[in-house]
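Subject: Structure for you to look at

Hello,

Here is the structure I said I would pass on. Please open it and keep it in view while you read the notes below.

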Amino acid sequence: MKLPRVVSLRSYGLSWWGLALLMVPLQGCAGIGAPSFPLAGAYFPAWLICLFIGAVSAALLRLLFLILHIDGLLRYHLVTYLSMGTMIGLVGWLLLYG
């Protein structure tokens with residue numbers, strides 16, 4: 001019976017210091033946890049409110065564009081409104097949670 005070959009860090013050209021340097025970006029994941037807020041006794045993730053802000057703002061922008069007759073000039077409606085909703089949701093995340 002043949003034993004499996006043991007793979008070492010040296011076979012990949014890594015030392016212990018190299019492995020430690022690769023793990024430095026992972027230290028940001030060990031923080032205090034995801035931002036959340038209590039709502040009706042349960043904790044909801046903060047990104048959920050930003051998703052809601054983006055979806056509502058995209059729907060309101062579509063309504064505004066229909067009233068101003070800009071909607072007919074747009075080519076890719078789905079991509080346009082999805083992008084605008086995403087941008088507004090991300091700006092909301094930046095302003096609310098930094």
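Pro38 stands opposite Tyr43, which belongs to strand β2. A second pairing of this kind joins Leu39 to Ala42, its bridge partner in β2. Both belong to a hairpin in a predicted model, so please read everything here as a description of a prediction.

The two strands of the hairpin are β1, covering residues 36–39, and β2, covering residues 42–45. They run antiparallel to each other and are paired over four bridges. Two residues lie between the strands, and Ala40 has a positive phi near 55° in this hairpin. As a general point to keep in mind when you look at strands, side chains in a regular strand alternate between the two faces of the sheet.

For the overall layout, the protein chain has three helices and two strands. Following the sequence from start to end gives the pattern α-β-β-α-α. Of the 98 residues in the chain, 13% are buried.

Next, the loop between α2 and α3. His69 is found there. Its phi is positive, about 60°, although His69 is not a glycine. Is His69 buried or exposed? His69 has a relative accessibility of 67%, and the cut-off for exposed is over 50%, so His69 counts as exposed.

Then the charged contacts. The count of salt bridges comes to one. In that salt bridge the side chains of Asp71 and Arg62 meet, with 3.1 Å from N to O. The two partners can be sorted by their relative accessible area. Asp71 has 9%, which is under 20%, so Asp71 is buried. Arg62 has 36%, which lies between the 20% and 50% limits, so Arg62 is partly exposed.

The aromatic rings come next. How many aromatic pairs does a search of the whole structure find? The search finds one. The partners are Phe65 and Tyr81, whose ring centres are 6.1 Å apart. Their planes stand at 45°, and because that is neither under 30 degrees nor over 60, the pair is classed as tilted. The pair links distant parts of the chain, since Phe65 sits in helix α2 and Tyr81 in helix α3, 16 residues apart. Phe65 has a relative accessible area of 16% and is buried. Tyr81, at 10% relative accessibility, also counts as buried.

Last, the largest pocket. It has a volume of about 190 Å³. Its lining is made up of 13 residues, and those nearest the centre of the pocket are Cys50, Leu51, Gly54, Gly85 and Thr86. Which elements give two or more residues to this lining? They are α2 (46–67) and α3 (77–97). The most comes from α3, which gives seven residues. Sorted by class, the lining has nine nonpolar residues and four polar ones, with no charged residues.

If you want an order for looking, I suggest the following.

- Start at the hairpin and find Leu39 with its partner Ala42.
- Go on to His69 in the loop between α2 and α3.
- Find the salt bridge of Asp71 and Arg62.
- Look at the tilted pair of Phe65 and Tyr81.
- Finish at the largest pocket, with Cys50 and Thr86 among the residues nearest its centre.

Regards

Technical notes: Residues numbered from 1 in each chain as written. Predicted model: local features only at pLDDT ≥ 70, side-chain atom pairs only at ≥ 80, totals over all residues. Heavy atoms only, no water. Pairing = 2+ DSSP bridges. 1 Å grid on protein atoms, 1.4 Å probe; cavity = no way out; pocket = protein on both sides within 12 Å on 5 of 7 lines; lining within 4 Å. Points joined across faces, edges and corners; volume = space filled by probe spheres on them. Nonpolar A, V, L, I, M, F, W, Y, C, P; charged D, E, K, R; others polar. Salt bridge = Lys/Arg side-chain N within 4 Å of Asp/Glu carboxyl O. Buried < 20%, exposed > 50% of the residue type's maximum accessible area, 1.4 Å probe, protein only. Phe/Tyr/Trp six-rings, centres within 6.5 Å; stacked < 30°, edge-to-face > 60°.
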